[in-house]
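User: I've got a structure to go through before setting up some calculations. Can you walk me through it?
Analyst: Sure. Put it up and ask away.
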Amino acid sequence: MFRPLCPLKILIKTHQINNFMISNRFPSLKVIKVAEPRRISTISNKAFVKSNRHEISNRKKFRQINPPPSILREIEALGLGKPRRTKTSRFATKVAIVGRKKLENKLGNLKVEQEKLELPHLSFFAGAKIPSSFPPERVSEVAFVGRSNVGKSSLINALADTTVVRTSDKPGLTRQINFYAAGKIFNMVDMPGYGFAYVKEEEKTQWRELMETYISTRKTLRKIFVIVDARHGIKLADVEFLEVLDKKGVEIQIVLTKCDMVIPPDLARRYVVVKEKLQHYKNVADDPLMVSARKKTGILKLRKEVLRTVDALEKARQAIQKKSVLIENDIIKGRLNENCVTKKR
Ligand SMILES: Nc1nc2c(ncn2[C@@H]2O[C@H](COP(=O)(O)OP(=O)(O)OP(=O)(O)O)[C@@H](O)[C@H]2O)c(=O)[nH]1
Ligand SMILES: [Mg+2]
């Protein structure tokens, strides 16, 4: 029979070999149970629960924020948040109307007068991968920055009511600084994103350097719109970029986008949290704007802000007046023609 010289200590994983069988067959072997996988899993479970508890408490904290009624009113009036009802039966419409009345009783008048403004026709005229490719500084510019896939390009499209700017649901589509001319009045500049994207780290570093060079050297740059996802708020990558921007002394405006994906009370809470975070910066306007490029809500307000920044608000107002006069004339002419036709008949 096999006899070990000294009592052997064998480390056996309990889930692999049956202890009982081993100790029966080889009584001289001392089997020591170590590293029970179940125990490990319970420990890691505990750690997981702990970390989860922390997350839950953060969410709870967020839910405990009591947003001011004025913000809630603005969100409801502009139809900014995630729609409550998706079904469009007659019953659902009735419920929605009753719900709206209830909200009006709670928050006050929900009707808002918004100035209908339009941007001049948008066209792509230059793309730059290196600073020497920047086009000449002729007219005022506004730039759009933010994390990859946050919706910068979509927002430019929504602002100009066009589809000229390419968008994608995959982070990292815009890979150079793209210049779009709004008529001959001003330029809108679409930037690559920062943070996560399906590109190499080296390329992202290059984008970052390119953006920083543009921001610090461009004399015609009037304002930077930093686009933030309303679902997530200001992330670490945003904070890092905002700190760099703030030091450069350029005016900054935060825009919360994808608001159509957040329910109104949470959107109001997000607004409060973001506003609070902006107090630290010198050059950041402390009132974030809220929009949805997909639903085109909140766009008129942002459009007005863009036009005001590039001193084109008056021109846009005049263009709208001219357009409405032309439409009126057309209608009158149309009526006259109709009258002529009926008389001839
Ligand atoms: N629901 C919703 N989706 C949006 C909105 N804006 C953009 N998206 C979607 O978000 C995705 C990314 O949009 P892009 O405009 O390409 O984002 P980007 O910031 O330009 O992305 P990069 O160029 O990769 O940095 C697309 O699938 C859009 O359809 C919005 O307001 N609401
Ligand atoms: Mg883009």
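User: In which sense do strand 4 and strand 6 pair, and over how many bridges?
Analyst: Parallel, over 5 bridges. Strand 4 covers residues 140-146, and strand 6 covers residues 186-190. One thing to keep in mind: this is a predicted model.
User: Noted. Which residue in strand 6 stands opposite Phe144?
Analyst: Asp190.
User: What does strand 4 do with strand 7?
Analyst: Strand 4 and strand 7 also pair, in the parallel sense, over 6 bridges. Take Glu141: its bridge partner in strand 7 is Leu221.
User: And strand 7 with strand 8, parallel or antiparallel?
Analyst: Parallel, with 7 bridges. Strand 8 spans residues 251-257. There, Gln253 is the bridge partner of Phe225.
User: What links those two strands into a unit?
Analyst: Helix 7, residues 236-248. Strand 7, helix 7 and strand 8 together make a β-α-β unit, and it is right-handed.
User: Why call strand 7 largely enclosed?
Analyst: Because 7 of its 9 residues, in the stretch 221-229, are buried. A residue needs 20 or more other C-beta atoms within 10 Å to count as buried.
User: Zoom out. What is the strand order of the sheet?
Analyst: The order is 3-5-6-4-7-8-9. That is 7 strands in an open sheet, and the pairing is mixed.
User: Which strands stand at the edges?
Analyst: Strand 3 (122-128) and strand 9. Each has a single partner strand, so one side of each is left without a neighbour in the sheet.
User: Which strands does helix 8 lie across?
Analyst: Strand 7, strand 8 and strand 9. Helix 8 runs at about 160° to strand 8.
User: How do helix 3 and helix 8 cross?
Analyst: Their axes come within 9 Å and cross at roughly 130°. That angle makes helix 3 oblique to helix 8. The crossing is right-handed.
User: Which residues make that contact?
Analyst: From helix 3, Ile71, Leu72, Ile75 and Glu76. From helix 8, Pro264, Leu267, Ala268 and Tyr271. For the ranges, helix 3 is residues 69-78 and helix 8 is residues 264-277.
User: Any reason for spacings like that in a helix?
Analyst: An α-helix has 3.6 residues a turn, so residues three or four places apart point the same way.
User: Which residues are buried in helix 3?
Analyst: Leu72, Glu74, Ile75, Glu76 and Leu78. Leu72, Ile75 and Glu76 are also among the helix 3 residues in the contact with helix 8.
User: What follows helix 3?
Analyst: Gly79. Its phi is positive, near 65°.
User: Back to helix 8. Is Pro265 buried or partly exposed?
Analyst: Partly exposed, because it has 15 C-beta neighbours inside 10 Å. Pro265 sits in helix 8.
User: How far is Pro265 from Tyr194?
Analyst: C-alpha to C-alpha, 29 Å. In sequence they are 71 residues apart.
User: Switching to backbone angles. What is the phi of Asp161?
Analyst: About 55°, so to speak on the positive side, and Asp161 is not a glycine. For context, most residues other than glycine have a negative phi.
User: Where is Asp161?
Analyst: In the loop between helix 5 (152-160) and strand 5 (177-182). Asp161 comes just after helix 5. With 13 C-beta neighbours inside 10 Å, Asp161 counts as partly exposed.
User: And helix 5 itself, how many of its residues are buried?
Analyst: 9 of 9, which leaves helix 5 mostly covered. Among them are Lys152, Leu155, Ile156 and Leu159.
User: What about the phi of Lys296?
Analyst: Positive as well, about 60°, and Lys296 is not a glycine either. Lys296 lies in the loop between strand 9 (289-290) and helix 9 (299-309). It is partly exposed, with 15 other C-beta atoms within 10 Å.
User: Last bit: overall numbers. How many helices and strands?
Analyst: 10 helices and 9 strands. The protein chain has 345 residues, and 28% count as buried.
User: What share of the contacts join residues at least 24 apart?
Analyst: 72%, among contacts between residues at least 6 apart in sequence.

Terms used. Residues are numbered from 1 along each chain as its sequence is written. Chains are lettered from A and ligands numbered from 1 in the order in which they are written. This is a predicted model: local features need pLDDT of at least 70, side-chain atom pairs count only at pLDDT 80 or more; totals for chains, interfaces and linings use all residues. A residue is buried if 20 or more other C-beta atoms lie within 10 Å of its own, exposed if 12 or fewer, and partly exposed in between; C-beta atoms are placed from the backbone. Helices (H or I, at least four residues) and strands (E, at least two) are DSSP runs, numbered from the N terminus. Two strands pair if DSSP finds at least two bridges between them. A crossover is right-handed if, with the strands pointing away from the viewer, the path from the first strand over the helix to the second runs clockwise. Axes are lines fitted to C-alpha atoms, for helices over the stretch in contact, and angles run from 0 to 180 degrees between N-to-C directions. Angles under 35 degrees count as roughly parallel, over 145 as roughly antiparallel, 65 to 115 as roughly perpendicular and the rest as oblique. A crossing is left-handed if the near helix is turned anticlockwise from the far one by less than a right angle, and right-handed if clockwise. Two residues are in contact if their C-beta atoms, placed from the backbone, lie within 7 Å.
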